[in-house]
Amino acid sequence: MRLSAVIELHLAHLGEVRRLSPATVRAYRADLSDLVDVLDDPEIGEIGRDDLREWLWHTQERGASRATLSRRAAATRGLFRWAVAAGEVPTDPAAQLITPKQGRTLPAVAPADALADTLADLKSTASESGDPLALRDHAILEMLYGAAIRVSELCGLDLDDLDGERRTVRVWGKGSKERVVPFGRPAAVAVEAWLVRARPAIIARRTDPELQECALFLGARGSRIGPRAVYDLVARTVGPLVGRPVGPHALRHSAATHLLDGGADLRSVQEILGHESLGTTQIYTHVSHERLTASYRLAHPRA
């Protein structure tokens with residue numbers, strides 16, 4: 001069977017069986033399509049380890065970063081691991097495919113005090129103006145930070161996912177895994193203001209009165225809000241606090257780091273974030289250590 005045909009079967013398995021998100025499947029498709037183009041779509045059984053190494057070398061020669069090389073190697077290992085299990089190839093030529101280790105960059109974290117001031121200013125402005133979109137934006141930022149959820153999780157929230165009494169929200173994470181996450185009083189107040197004072201006004205703007213939208217957060221036209229609108233919101237409000245362009249994940253990073261700084265244990269933070277591996281969560285202990293070291297060097301007379 002041709003490589004391209006096996007890739008399509010593999011991608012269908014990722015989406016339909018493993019339930020990976022559409023964005024993740026698209027990323028796999030992009031990386032594996034490049035493999036098809038460079039190798040000229042051979043029979044999958046004809047591909048050897050040297051062919052895959054040449055492809056990665058070709059990728060590097062085109063100026064790809066270490067992160068890209070590592071991601072493409074991982075996508076290829078996943079493809080051939082599945083192909084062996086499915087009986088499409090007898091042996092796995094990608095099993096020993098090695099790529100250079102990539103340096104780990106620390107995530108962007110907004111200072112807790114500065115972030116609190118920004119959210120307080122947004123709350124004051126939204127409350128005074130009564131602007132529905134301003135009330136929505138404040139609620140979105142409070143929920144992203146208060147519950148430490150991903151932008152895809154936030155955009156996928158429905159009204160029924162919210163438990164206002166217990167101050168928890170049910171989210172669907174990677175691989176369609178469900179978890180229940182707590183959020184604080186500021187987020188609860190902001191979401192309540194959005195639901196009572198603003199969401200009905202947004203619904204009234206709909207051009208299609210038959211449209212029934214169960215989404216918690218709506219766009220300006222009354223349909224479910226999309227990730228791009230949330231990215232733009234975070235970029236203009238949180239970006240200046242960090243000193244560089246950031247997306248919604250910066251609030252998730254900030255929440256995790258501030259939780260650890262405040263004394264939360266690593267396992268609890270892992271549960272809140274929905275990480276499968278504790279190792280993924282441990283990056284935030286490194287962030288906290290870096291901040292502690294920086295403070296020590298700044299303040300101690302014998303540093």
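**Entry 1: the aromatic pair**

I began with Trp-194, which turned out to be buried, its relative accessible area being 0%. I note here that I am working from a predicted model. I then looked up Phe-217, and this residue also counts as buried, because its relative accessibility is 1% and the cut-off for burial is under 20%. My search for aromatic pairs returned a count of one. The pair consists of Trp-194 and Phe-217, with ring centres 6.2 Å apart and planes at 25 degrees, so I recorded it as stacked; the cut-off I applied for that word is an angle under 30 degrees between the planes. As for where the two rings sit, I found Trp-194 in helix α8, which spans residues 185–204, and Phe-217 in the loop between α8 and α9 (227–237), so the pair ties together parts that lie 23 residues apart in sequence.

**Entry 2: the cysteines**

How many disulfides does the structure hold? I found zero. I looked up two cysteines for their accessibility, and Cys-155 counts as buried because its value is 7%, whereas Cys-214, at 41%, counts as partly exposed.

**Entry 3: the sheet**

I next traced the strands and found three of them forming an open sheet in the order β1-β2-β3, with antiparallel pairing. The edge strands are β1 and β3, each of which pairs on one side only.

I took the pairing of β1 (residues 162–163) with β2 (residues 168–172) before the other, and it runs over two bridges in the antiparallel sense. Going through the partners, I saw Leu-162 opposite Val-169 of β2, and I noted Thr-168 in β2 as the bridge partner of Asp-163. These two strands make a hairpin with four residues between them, and in the turn I found Arg-167 with a positive phi of about 55 degrees.

On the other side, β2 pairs with β3 (residues 178–182) over five bridges, again in the antiparallel sense. Within this pairing I looked up Arg-170, which stands opposite Val-180 in β3.

**Entry 4: helix α12**

Which residues of α12, the helix of residues 266–273, are buried? I listed Leu-266, Val-269, Gln-270, Ile-272 and Leu-273. Looking down the axis of α12, I found that these buried residues fall within an arc of 165 degrees, so they line one face of the helix. As background I kept in mind that an α-helix has 3.6 residues a turn, so residues three or four places apart point the same way. On the face of α12 turned away from the buried side, I found the exposed residues Arg-267 and Glu-271.

I then checked the two ends of the helix. At the N-terminal end, Asp-265 acts as a cap on α12, with a side-chain oxygen 3.2 Å from the backbone nitrogen of Arg-267. After the helix comes Gly-274, and its phi is positive, near 80 degrees.

**Entry 5: Gln-270**

Since Gln-270 appears in the buried list of α12, I looked it up separately. Why does Gln-270 count as buried? Its relative accessibility is 6%, and the cut-off is under 20%. Leaving aside residues up to four places away in sequence, I found that Gln-270 touches His-275, Glu-276, Ser-277, Leu-278 and Thr-281.

Conventions
Residues numbered from 1 in each chain as written. Predicted model: local features only at pLDDT ≥ 70, side-chain atom pairs only at ≥ 80, totals over all residues. Heavy atoms only, no water. Disulfide = S-S within 2.5 Å. Buried < 20%, exposed > 50% of the residue type's maximum accessible area, 1.4 Å probe, protein only. Arc of directions from axis to C-beta. Polar contact = N/O pair within 3.5 Å; in protein donor to acceptor, adjacent residues only side chain to side chain. Pairing = 2+ DSSP bridges. Contact = heavy atoms within 4.5 Å. Phe/Tyr/Trp six-rings, centres within 6.5 Å; stacked < 30°, edge-to-face > 60°.
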